[in-house]
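Work through the following exercises with the coordinates open, and compare each of your results with the solution given.

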Amino acid sequence: MSDAEENPVEETEEDGETETEEEEYNPNYQRIEEEYNPDYRKMEEEEEYNPNYQKVEEEGEEYNLNYQKVEEGEEKEKEYNPDYQKLDEEEYDPGYQKGEEEEENPNYQEAEEEDGEAEEDTLAGKESPEIEAALAEEMEGQAGEGQEEEIAEQEEIIVPQEITQAMMSFERLTIPGSHSVESGVSLTMTWAFGWNSSLPVFSIRDGNQRVLLYVCAHTAVIYDVFQNKQHHLQGHANVISCLCISEDRRWIATADKGPNCLIIIWDSFTGIPVHTIFDSCPEGNGIKTIAITRDAKYLATISDGKDQKVCIWKWTLAVDTPACTLDLNKEYGFQNYLIFNPTNNKELVSNSKTRAIYYSWYEEKNTLAHSAPLLTEKTFNKLVGKFSQSVFHLNLTQILSATMEGKLVVWDIHRPPPSATFLGFPYIKPCKLVHLQKEGITVLTTIDSYIVTGDIKGNIKFYDHTLSIVNWYSHFKLSPIRTLSFSKTPPSPSTEKSNYPPDCTLKGDLFIVRNFIISTSDATVYHLTADGTKLEKLFVEPKDAICAVACHPYQPLLAIGSFCGMIKVWDYESKTYLFSRVFEKGLGVQSLTYNPEGAILGAGFTEGTVYILDAMSLENEIAEPFRYSRSSVTHISFSHDSHYMATADVNYTVALYWVVVRHGQRVWEYLARLRSHRKSIRSLLFGVHLDSNEPRLLSLGRDRLLIEYNLLRTCKDHLEVLDIHRTDQGCYPTCMVWYPPLTKELFLLICNSGYKVKLFNSTTKMCRKTLLGPTYGSPIEQIQLLPVKTASELQKRYLVFINRDKVGLQILPVDGNPHKTSAIICHPNGVAGMTLSYDGCYAFTAGGHDRSVVQWEINLSALEAAVSLGGEDLTPFYGLVSGGREGQFYRELEDYFYYSQLRSQGIDTMETREVSEHICLSELPYVMRAIGFYPSEEKIDDMFNEIKFGEYVDTGKLVDKINLPDFLKVYINHRPPFGNTMSGIRHSFEVLGYTNSEGKKVIQREDFLRLLLTKGEHMTQEEMLDCFATLFGMNPEGWKSEPATTSFKGAEICLEEALPDEITAEVFTTQILGLTISEDSGQDHMVSEV
């Protein structure tokens, strides 16, 4: 039985001055007959309101919202099974066809197999017209014989060709728990850890099958609790911002927030998207809240952003434009909650924190009338509080709005009489302020004959239609309630075996209510069984950002760390939770790493603490944690022999710890620390010296410095630096990893913000290769080498990478071939971390503030197939140049290539020409510039080194020439991947210049010339004058690059006359350089720092 407490006192605010307060509050209040509700026919007073159906017309038919027609005159109704709707032989069930002895799995639709082969997909091909008709018939139900024709015309569900294809793709989805991978896809989502606790959790099925619906990043998850299986509704490219579900739990609607936002309607029985509304918010703000009518015919949305818009969608017509829209006044506040009248599809209510809005939809007039009276503390002469949620009262003539002060605002709905001529639109008026409880109300809903509230103290209370309390649950001591979702199955009547608690009325009747799902603010989900008042904790997930993930080196264990201080360890093969630890308040987990032996787990925290934990219990391995960092510890790394541990923090400091023997025991101690970088540390990596097998430590910073530390000479409080190398000139490095020994020469692979992958000699740190990396919207931010299972796989290696919002694969060796990579969106709002399973079968990505970790199954054969389809040799590279192999660009390149041979032999020579397939390396810069790529002197040196030493390890000889195919590869790999853009040039002027009187970013002429002479690869005075003379056409063609012009003296130029006083990015590009440059590339800007 629930805890006993007094009924809340209803406050009648008699001291107010408004007319509404003079009326006596009657919670059973029914409007007089002449007031008209267009979609709801009043019940007789003695009839009890049944929320499961609504009466229509005079025929006496009942419209069952579970899509069953109850025939007039039938002696016995057919019993409706919410898990399966049995149809006649001629009818089609698009949700699920179930055999007599077959169990239903709500997570996926299982095709029946005969002789080892699956049946044909009934949702595609020739049968689609019949399916559409059946689905339309099912959606329309039986709303009255007089309306059947009209509904068939207006409410038909259309399944377009692209939707049919989407259905087919969902039929092929991997069954969770299986290790088979969908063919043709290199990365398949197999499990989602965590969920978006700011969105609701819905109960889809209850009883023998307990199935939930919730959101994880951009994916809606249907989770079968008993079978521990997930089915993923994937289709959004942005994070899902809201969702709703129909009364019968058949139709799910999800919407996202971001560019090109979508609204997708899903069939929960099959997991198939039946309709997608593209670009549902052209303003680009996305959807804030969404609602669906009880019969699932209409959707309503409110957009996100400063200027909100209400839209009503007739989604069953498969249209992409709303049936009606309304722009909301900014004075109404930010509307964040929306709900339909359960018995009238044409009425809605929404609320912000300060204003509730009532809507009445006149479909024939294409008008959405609304009423939003201003409510202040003077309205009732009492504090009202901020609104949380609103619902329609059970009496259907009033609206209730809950506040964070524990009060309910009661609004009367004034509707014009139906028989009279147009007297205006319906409106609402504040009637009463009811002080329902002390605690702030976070959830307000209705179920059957109850009004239900959830509050900030974790209490759940049930009231009748008079707002008298019937029962409550307060002894569970829950966190603030976020959502309540009741089972679609009505409660079973009381029997001798049932154990329903008595309510708190004087009669003491049994309190019989549906089972329901509870979600709380601490990301915990519960199931409450009303019969016996049994509360079951279904799962507890991190409530704050997740940035730390780590896989055990030889067991299927995944450690997840959150900013809320929780470390949770899972068995990722069986998808079972093993153990966890929650640290004291203020300790947020920022980084996690297992040591190579798998015995300990290093944990770095947001306030600088470093813990060394037992890998199997998460207990402390050291008496006191290390507190030598003053800021968040972003990286933790162990040496190959587990003798050293290094950390890096946001203050650019590297700290070193080691194992020593004290009193016969191995203990960890602090050794030294050094602030070695000027900007954020991007990677911290241990390696092995080739000659001694001793560990080596390197750090890579955004300041473009690669620093190696001398561990042998490091002593207490002194971290010795061995050498420092600069990795880039303009772009900054993002991450590094040891390149596998695929060649005799060992490399360190470093990615940068210019979408390039560079290979540095592991000993000399010389840049040996520059290659085009994956170009999927943003540069690579983290990269790891995929582990191998057997020694036979060592010669075929792969990299796994993440960028801003994607996870991808790269086949080694890297050579610039774009077909060797693939990527998929994993966390639209940003990826915070990545780890790989010890056997190379799975990748795990952490989503940061979306509070989720996604498990991806890796299918290397699909990636290899894509490479073979992309062509061999130079075929993939031809596609990276304008026009391809037969285009004008490549023909010009051939001309320049062979003209370079003539030039090197002398333009005016009369000797016999020797035409070959190669040009000298000295000609390479001229050809590059001739085709529009202007490399810096450092990049030219990198190209020379790449070609010169390309065969040195194998042959011991230097290369001094290059052929056309190799030249094309060098050009593609070294040039800017998206060309030069005006946005990049403007960025440089913003850094180097100032804002003039016209508001433009400019550089003074004197400053411009000084920068050319003193900064970067600075010029001499003579070189600068020669360049300007050539750019302004004052020198002959081929000046200083053609042998025939070497004796010609350059023209004199007066830069004060040739250059303007103020130089803008546009003047520099068009007037000085004479180039036509595109505005933007559509990708993230190739970031460089001046």
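The exercises below treat confidence, the nonpolar cores and a surface patch in this predicted model.

**Exercise 1.** Establish how confident the predictor is over the chain, and where pLDDT stays under 50.

Solution. Begin with the chain as a whole, for which the mean pLDDT is 81, with 79% of the residues reaching 70 or more. Then go to the stretches under 50: one covers residues 1-182, for which the model has 323 contacts beyond four places in sequence. Another covers residues 1044-1048, with seven contacts beyond four places in sequence.

**Exercise 2.** Describe the largest nonpolar core and the surroundings of Phe193.

Solution. First, count the members of the largest nonpolar core, which has 46 residues, and note that Phe193, Leu212, Leu558, Val800 and Val853 have the most contacts inside it. Next, look at the secondary structure: strand E6, residues 187-194, gives the most to this core, with five residues. Then, leaving aside neighbours within four places in sequence, list the contacts of Phe193, which include Leu558, Ile560, Trp570, Tyr572, Phe844 and Val853, together with Arg851, Ser852 and Gln855. Finally, note that another core, of 28 residues, lies apart from the largest one, and that Tyr890, Ile919, Leu921 and Val970 are among its residues.

**Exercise 3.** Identify the residues that make the nonpolar surface patch of about 280 Å², and classify the accessibility of Tyr952.

Solution. The patch is made by Tyr952, Val953 and Leu958. Of these, take Tyr952, which lies in helix H10, residues 952-955. Its relative accessibility is 42%, so Tyr952 counts as partly exposed, the class that lies between under 20% for buried and over 50% for exposed.

Notes:
Residues are numbered from 1 along each chain as its sequence is written. This is a predicted model: local features need pLDDT of at least 70, side-chain atom pairs count only at pLDDT 80 or more; totals for chains, interfaces and linings use all residues. Side-chain values use heavy atoms; hydrogens and water are left out. pLDDT is the predictor's confidence in each residue, from 0 to 100. Contact means heavy atoms within 4.5 Å. A nonpolar core is a set of buried Ala, Val, Leu, Ile, Met, Phe, Trp, Tyr and Cys residues joined through side-chain atoms within 4.5 Å. Buried means under 20% relative accessible area, exposed over 50%, partly exposed in between (1.4 Å probe, protein chains only). Helices (H or I, at least four residues) and strands (E, at least two) are DSSP runs, numbered from the N terminus. Patches are made of residues with over 30% relative accessible area and no salt bridge: like charges are joined within 9 Å, nonpolar side chains (Val, Leu, Ile, Met, Phe, Trp, Tyr) within 5 Å. Accessible areas come from the Shrake-Rupley method with a 1.4 Å probe; for residues, only the protein chains shown count as cover. A salt bridge is a side-chain nitrogen of Lys or Arg within 4 Å of a carboxyl oxygen of Asp or Glu.
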